[in-house]
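User: I've got a structure open and I'd like to learn how to read it piece by piece. Can you walk me through it?

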Amino acid sequence: MPRVLIVEDEQHLADGLRFNLEADGYEVEVVDNGEAALRLLEPPAPGYDLLILDVMLPGKDGFEIAGELRQSGRFIPILMLTARGRPEDVLRGFAAGADDYLPKPFELAILIARIHGLLRRHDWLRRSQASSPAPDVFEFSGKSIDFDKLQLRAGGRTLPLTLMEANLLRYLIRHENKAVSRKAMLEEVWGVREDTDTRAIDNFIVRLRRYIEENPARPRHLLTVRGIGYRFLAAPAATGQEE
Ligand code: CA
C-alpha cells in the first residue's frame, strides 16, 4: 500500500484529500506545516512513497520545503499544489525540486491520475535499479549522469537531479540525434495524455541546459527544434550547430 504524506494547512482540503486517497487504497498522513513534514522525512524516514506539498503554508513555504529536501539528498517524489498555476510559481516549484505540479483548484480525478503517474514512474526506476547490477551511468562530453544516484557531474560539480529531470534526460538520450516532440515527452516521460500545457517541458529544458550546457543561451547538447520540440546531441560538432 503506497504511503502518501500530505502537507496542507487548509483543513477542508486536507480532509477531502485524505478521505479520497484512503478510499483509493493509499495510506495517508496529513500535517499542516512544512517543519512537521521535514521531521517526518528525516532519515531514516518511515518510508513515504510520495509527498503532496502545498505552496502557501504557515512558516516555511512549499518551495523552501522542497528545496531543503532536495539539498539534503532526499528524493521522494513531490507533487506540488500551486496557488494559481502561474508560470512563475510552476517554474519556482520545479526549480525547488518538485516532480509535478497541480494548480488549485483541481479536479480530484486529475490529482489521483498524477499521483498514479508519479508512483508508477518511481516504481519503474526502482525496479530498473534493482535489476541492473551494473551502474547506470551515461557519459558525454566530459559530463556524466548517474541514473541510480540521480546525480549529474559536470565541470567539477555534482548536482542532484530530480526523478523527472533524470527521466527526461534518459528519454532524450535514448532518442539521441532525433527530434522529439513536447507531446511525446509529456506522454512518455510524464504519462500525461490529456491536452496539457507544454510549458512545463520548456521549464525543464531551461533547467537542464543550466546543468549541462557551458553556455545555456547557446545550447550545443539540448537543441530546440522549432515547431516540434527538442533534440539531444551527446557529441556536437565543434561548429555549425543549427538553432
Ligand atoms: Ca495553504
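Analyst: Sure. Let's start with a helix: the buried residues of α3 are G62, F63, I65, A66, G67, L69 and R70. Keep in mind that this is a predicted model.

User: How many of the residues of α3 are buried?

Analyst: Seven of the ten residues in α3 (residues 62–71) are buried, so the helix is mostly covered. The cut-off for buried is under 20% relative accessible area. As a general idea, an α-helix has 3.6 residues a turn, so residues three or four places apart point the same way.

User: What happens at the start of α3?

Analyst: There, a side-chain oxygen of D61 comes to within 3.1 Å of the backbone nitrogen of F63. Past the other end, just after α3, G73 has a positive phi of about 75°.

User: On to the metal. Which residues coordinate the calcium ion?

Analyst: D9 and D54 each coordinate through OD, and M56 coordinates through O, at 2.1 to 2.3 Å. Along the sequence, the donor residues are spaced D-x44-D-x1-M. D9 sits in the loop between β1 (3–7) and α1 (11–23), while D54 belongs to strand β3 (residues 50–54), so the pair ties together parts that are 45 residues apart in sequence.

User: Is D54 buried or exposed?

Analyst: D54 is buried, at 3% relative accessibility. D9, on the other hand, is partly exposed, with a relative accessible area of 33%.

User: How do I read a sheet? In what order do the three strands of the open sheet come?

Analyst: A general idea helps here: in a regular strand the side chains alternate between the two faces of the sheet. In this case the order is β10-β12-β11, with antiparallel pairing. β10 (179–181) and β11 (222–225) stand at the edges with a single partner strand each, so one side of each has no neighbour in the sheet. On average, neighbouring strands here are turned by 35° against each other, direction ignored.

User: How many bridges join β11 to β12?

Analyst: Four bridges, with β11 and β12 (residues 229–232) running antiparallel. To see the pairing for yourself, look at V225, which stands opposite G229 in β12. The two strands form a hairpin with three residues between them, and G227 in the turn has a positive phi of about 80°.

User: Which helix lies across these strands?

Analyst: That's α6 (residues 163–174), which lies across β10, β11 and β12 and runs at about 70° to β12.

Notes:
Residues are numbered from 1 along each chain as its sequence is written. Side-chain values use heavy atoms; hydrogens and water are left out. Donors are N, O and S atoms within 2.8 Å of the metal (3.2 Å for Na, K and Ca); water is not among the atoms, so sites may look incomplete. Buried means under 20% relative accessible area, exposed over 50%, partly exposed in between (1.4 Å probe, protein chains only). Two strands pair if DSSP finds at least two bridges between them. Axes are lines fitted to C-alpha atoms, for helices over the stretch in contact, and angles run from 0 to 180 degrees between N-to-C directions. Contact means heavy atoms within 4.5 Å. A polar contact is a pair of N or O atoms within 3.5 Å; within protein, one must be able to donate a hydrogen and the other to accept it, and residues adjacent in sequence count only if both atoms are side-chain atoms.
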